[in-house]
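Colleague: Could you take me through one part of this structure, starting from a single loop residue and working outwards to its surroundings? I'd like the contacts first, then how they fit into the rest of the chain.

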Amino acid sequence: MMPVLRRTWAPRGVTPTLSVRARSHEKVSGIGALIVSPRRRRLTLALALHPRRNIRGPEVRRFLRHLGRHVRGPFILLWDRGRSHKHRLVRAWLEAHRRCHPVWLPPYAPELNPVELL
């Protein structure tokens with residue numbers, strides 16, 4: 001995992017260097033949502049990272065609960081065809097919350113999913 005890049009208070013031309021000890025190939029799984037306001041005036045990113053593990057149904061359901069609490073009114077989910085999106089816990093949550101409408105992206109089309117670029 002790469003360290004986070006931040007601005008610092010340093011004299012111009014003198015770039016501070018901080019050494020970071022981390023494994024270079026550490027696994028991080030993420031689930032995210034781009035939230036666009038109805039009038040398209042605001043764009044918000046909701047992101048959940050899970051270091052050293054895969055995202056499964058319970059993590060997706062937890063993320064959907066979070067979205068359901070923070071997004072008012074009906075919303076549309078644009079989803080790829082990941083196995084965790086079809087988990088029984090996720091399907092049960094979607095059945096109970098009719099204001100959430102999943103729309104499936106075509107298979108093998110990551111370029112259509114804007115969250116993949118993040």
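Modeller: Start at S84: setting aside neighbours within four places in sequence, S84 is in contact with I55, R56, G57, V60 and V90 (contact means heavy atoms within 4.5 Å). Bear in mind that this is a predicted model, where local features need pLDDT of at least 70, side-chain atom pairs count only at pLDDT 80 or more, and totals for chains, interfaces and linings use all residues. Numbering runs from 1 along each chain as its sequence is written, and side-chain values use heavy atoms, with hydrogens and water left out.

S84 sits in the loop between β3 and α2 (88–96). Helices here are DSSP runs of H or I with at least four residues, strands are E runs with at least two, and both are numbered from the N terminus. Loop position or not, S84 counts as buried because its relative accessible area is 14%. The cut-offs are under 20% for buried, over 50% for exposed and partly exposed in between, with a 1.4 Å probe and protein chains only.

Now follow two of those contacts. V90, which belongs to helix α2, is buried too, with a relative accessible area of 0%. Again leaving out neighbours within four places, V90 is in contact with G57, V60, R61, L64, W79, S84 and H85. The C-alpha atoms of V90 and G57 are 6.1 Å apart, although their positions lie 33 residues apart along the chain. G57 is also on the contact list of S84, so to speak a shared partner.

V60 closes the triangle. With neighbours within four places left aside, V60 is in contact with I31, I55, W79, S84, H85 and V90. Put the lists side by side: S84 touches V60 and V90, and V60 and V90 are in contact with each other. W79 and H85 turn up for V60 and again for V90, while I55 is a partner of S84 and of V60.

From V60 you can step into the largest nonpolar core, which has 16 residues; V60, L64, L67, L77, W79 and L94 have the most contacts inside it. (Such a core is a set of buried Ala, Val, Leu, Ile, Met, Phe, Trp, Tyr and Cys residues joined through side-chain atoms within 4.5 Å.) At least two of its residues come from each of β1, α1, β3 and α2, and α1 gives the most, with 4. Two of the residues with the most core contacts besides V60, namely L64 and W79, are partners of V90 as well.

Zooming out, the chain has 2 helices and 4 strands, in the order β-β-α-β-α-β along the sequence. Of its 118 residues, 24% count as buried. Among contacts between residues at least 6 apart in sequence, 53% join residues at least 24 apart.

Two spots elsewhere are worth a look for contrast with the buried S84. R52 lies in the loop between β2 and α1 and has a positive phi of about 60° although it is not a glycine. R52 counts as exposed, because its relative accessibility is 55%. P114, found in the segment after β4 (100–104), is partly exposed at 38% relative accessibility. The C-alpha atoms of P114 and L34 are separated by 7.9 Å, with the two residues 80 apart along the chain.

So if you want one path to trace on screen, go from S84 in its loop to V90 in α2, then across to V60, and from there to the other core residues, including W79.
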